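Please look over the assembly below before reading on. The briefing moves from the pairing of the chains to the DNA and then to the interior.

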Number of protein chains: 2
Amino acid sequence: MVAVLTRKKIRVILADDHPVVRDGLAAMVNQQADMEVVAEAGDGEEAIALYEQHQPDVLVLDLRMPKRDGVAVVQRVLEINPKARILIMTTYDGDEDIFQCLSQGAKGYLLKDAPRQEILSAIRAVSEDRPYTSSGVAAKALQRMGKPSLTQRELNVLELVAQGRSNKDIARRLSITEGTAKTHVKSILTKLDAISRTEAVAVAHKRGLIRL
Amino acid sequence: MVAVLTRKKIRVILADDHPVVRDGLAAMVNQQADMEVVAEAGDGEEAIALYEQHQPDVLVLDLRMPKRDGVAVVQRVLEINPKARILIMTTYDGDEDIFQCLSQGAKGYLLKDAPRQEILSAIRAVSEDRPYTSSGVAAKALQRMGKPSLTQRELNVLELVAQGRSNKDIARRLSITEGTAKTHVKSILTKLDAISRTEAVAVAHKRGLIRL
DNA sequence: CCGCATCTACCTAATAAGAGAGAGGCTGCC
DNA sequence: GGCAGCCTCTCTCTTATTAGGTAGATGCGG
């Protein structure tokens with residue numbers, strides 16, 4: 001046995017819907033002398049419940065999860081404990097979610113393809129309340145800065161556009177006139193700097209504004 | 001120590017670009033008495049090289065990888081050893097890749113969010129040359145059957161359509177006339193059963209015909 | 001209360017996209 | 001050789017989309 005350090009171990013909760021990923025992270029974390037996994041969650045609601053129960057030092061959170069997605073979990077956990085230390089970890093690299101999570105108070109954000117060392121450093125950083133963001137992610141978050149954001153209504157319209165609906169169809173579904181639908185589409189095009197609706201969908205997808 | 005069985009252990013190679021996932025799978029596999037990980041690859045080329053070197057019983061392969069993607073690896077490995085037993089494992093659930101891999105000779109296909117037991121069963125099945133396909137995946141592969149496939153040219157056009165290019169722009173890039181571009185777009189729409197180009201992009205994405 | 005943003009709605013004119021039909025050159029397969 | 005499938009090009013016609021401007025109604029924060 002290794003001598004136990006004076007400091008307590010960093011208590012970590014893992015939340016990810018892939019058992020494989022949880023196993024991988026758990027194996028990595030538990031191999032470290034200074035940290036341990038105290039619980040694992042497979043969906044958003046479980047993550048919130050387990051956070052409340054264990055009050056860990058760090059919550060490692062996948063953005064895409066069943067029941068409640070990452071952004072919602074971040075929100076809820078910070079309501080429970082405004083000082084919560086959350087490390088977002090995902091395969092996803094669109095910039096909208098990154099921005100949302102970080103601006104809501106997540107302490108770190110990194111991608112799943114990060115090497116072991118980087119993941120462990122990130123957990124340590126976040127546990128000490130230091131922000132951690134991998135370089136590529138930081139760049140994207142900066143890119144997102146200054147770009148106009150879509151209104152809720154525009155997002156609804158955008159979603160329908162992405163499904164290939166016509167303006168007329170969109171109007172019917174949202175119970176507005178075709179003219180209004182056009183206006184929304186137009187301002188979406190302007191904000192996303194796109195020439196056609198199809199390009200708008202491509203841009204929106206790249207930014208993580210919509211999921212397909 | 002547990003008594004060693006008469007049978008040899010199933011020798012497994014893991015290929016995935018996420019260190020976390022490799023760790024998770026390795027931990028799961030090595031805990032089993034009847035299997036062991038003999039090598040791990042982080043990209044397609046490495047996977048091929050390690051396969052050649054170790055000639056494992058099972059190759060567990062992620063579809064999306066740097067350097068060379070899953071489909072290409074399946075092809076190459078089966079050239080090296082036509083009896084190779086390959087288990088495709090991915091987060092991706094579009095049906096095009098599933099179909100491609102299975103029709104090329106991969107023995108199994110499952111999703112990363114599968115529970116531990118299912119993953120292990122799949123490895124065992126494939127190691128005995130029995131096909132394994134999780135139910136949801138099988139359904140999608142069947143769906144794909146009978147649906148018209150796009151020609152190479154149409155796929156090129158589709159890619160440009162997905163980027164939001166206009167017919168005129170597509171024509172210029174492919175050095176064809178706008179009329180011809182329209183013809184291709186039209187037959188894409190017909191084959192994908194879409195009304196507009198934007199819907200075509202949505203369908204194509206869902207089917208895994210294109211990546212964004 | 002005022003200003004600002006948003007959502008709503010209408011208009012015209014220009015452009016792009018989609019439907020339909022036809023047709024020649026090319027390949028590969030039977 | 002003949003046939004099928006693909007790619008290419010042409011044409012017309014209709015509809016959808018986009019650009020431009022204008023403007024009333026609402027709600028929110030200063």
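Through which surface do the copies meet? They meet through the same surface, because 97% of the interface residues of chain B are also interface residues in chain A. This is a predicted model: local features need pLDDT of at least 70, side-chain atom pairs count only at pLDDT 80 or more, and totals for chains, interfaces and linings use all residues. Residues are numbered from 1 along each chain as its sequence is written, while chains are lettered from A and ligands numbered from 1 in the order in which they are written.

**How the two chains pair**

- A turn of 180° and a shift of 0.1 Å along the axis lay chain B on chain A with an RMSD of 0.1 Å. The fit is by least squares on the C-alpha atoms of residues with pLDDT of at least 70 in both copies.
- The two copies are therefore related as by a two-fold rotation axis.
- B:Gly24 has the C-alpha nearest the axis in chain B, 1.6 Å from it.
- Chain B puts 31 residues into the contact and chain A puts in 30. Two residues are in contact if their C-beta atoms, placed from the backbone, lie within 7 Å.
- On the side of chain B that touches chain A, α1 (19–31), α5 (116–127), α7 and α10 (197–207) of chain B each supply at least two residues. Helices (H or I, at least four residues) and strands (E, at least two) are DSSP runs, numbered from the N terminus.
- α1(B) gives the most to that side, with eight residues.
- By class, that side of chain B has 15 nonpolar, eight polar and eight charged residues. Ala, Val, Leu, Ile, Met, Phe, Trp, Tyr, Cys and Pro count as nonpolar, Asp, Glu, Lys and Arg as charged, and the others, Gly among them, as polar.

**Around the DNA**

- DNA strand C is surrounded by 22 residues, and the closest are A:Thr151, A:Arg153, A:Ile176, A:Thr180 and B:Ser166. A residue is near a strand if its C-beta atom, placed from the backbone, lies within 6 Å of it.
- Both chains supply the surface near strand C: α7 (152–162) and α9 of chain A, with α8 (167–174) and α9 of chain B, each give at least two residues.
- α9(B) gives the most there, with five residues.
- The surface near strand C divides into four nonpolar, 12 polar and six charged residues.
- DNA strand D has 20 residues around it, and A:Arg197, B:Thr151, B:Arg153, B:Ile176 and B:Gly179 come nearest.
- Here α8 (167–174) and α9 (178–192) of chain A, with α7 (152–162) and α9 (178–192) of chain B, give two or more residues.
- α9(A) has the largest share of the surface near strand D, four residues.
- The surface near strand D holds four nonpolar, 10 polar and six charged residues.

**Fold and sheet**

- Chain A has 10 helices and six strands.
- The C-alpha trace of chain A spans about 70 × 30 × 30 Å along its principal axes.
- The six strands of chain A form an open, parallel sheet in the order β2-β1-β3-β4-β5-β6. Two strands pair if DSSP finds at least two bridges between them.
- β2 (35–41) and β6 (132–133) of chain A stand at the edges with a single partner strand each, so one side of each has no neighbour in the sheet.
- β4 (residues 86–90) and β5 (residues 108–111) of chain A pair over four bridges. A:Ile88 stands opposite A:Tyr109 in β5(A).

**Nonpolar interior**

- The largest nonpolar core has 84 residues, and A:Val60 and B:Val60 touch the most other members. A core is a set of buried Ala, Val, Leu, Ile, Met, Phe, Trp, Tyr and Cys residues joined through C-beta atoms within 7 Å.
- A second, separate core of 30 residues includes A:Ala171, B:Ala181, B:Ile188 and B:Ala204.
- Leaving aside neighbours within four places in sequence, A:Val60 is in contact with residues including A:Val12, A:Leu25 and A:Ile123.
- A:Leu25 lies in helix α1 of chain A. A:Leu25 is buried, because 28 other C-beta atoms lie within 10 Å. Buried takes 20 or more such atoms, exposed 12 or fewer, and partly exposed falls in between, with C-beta atoms placed from the backbone.
- Beyond neighbours within four places in sequence, A:Leu25 is in contact with A:Leu14, A:Val60 and B:Val20.
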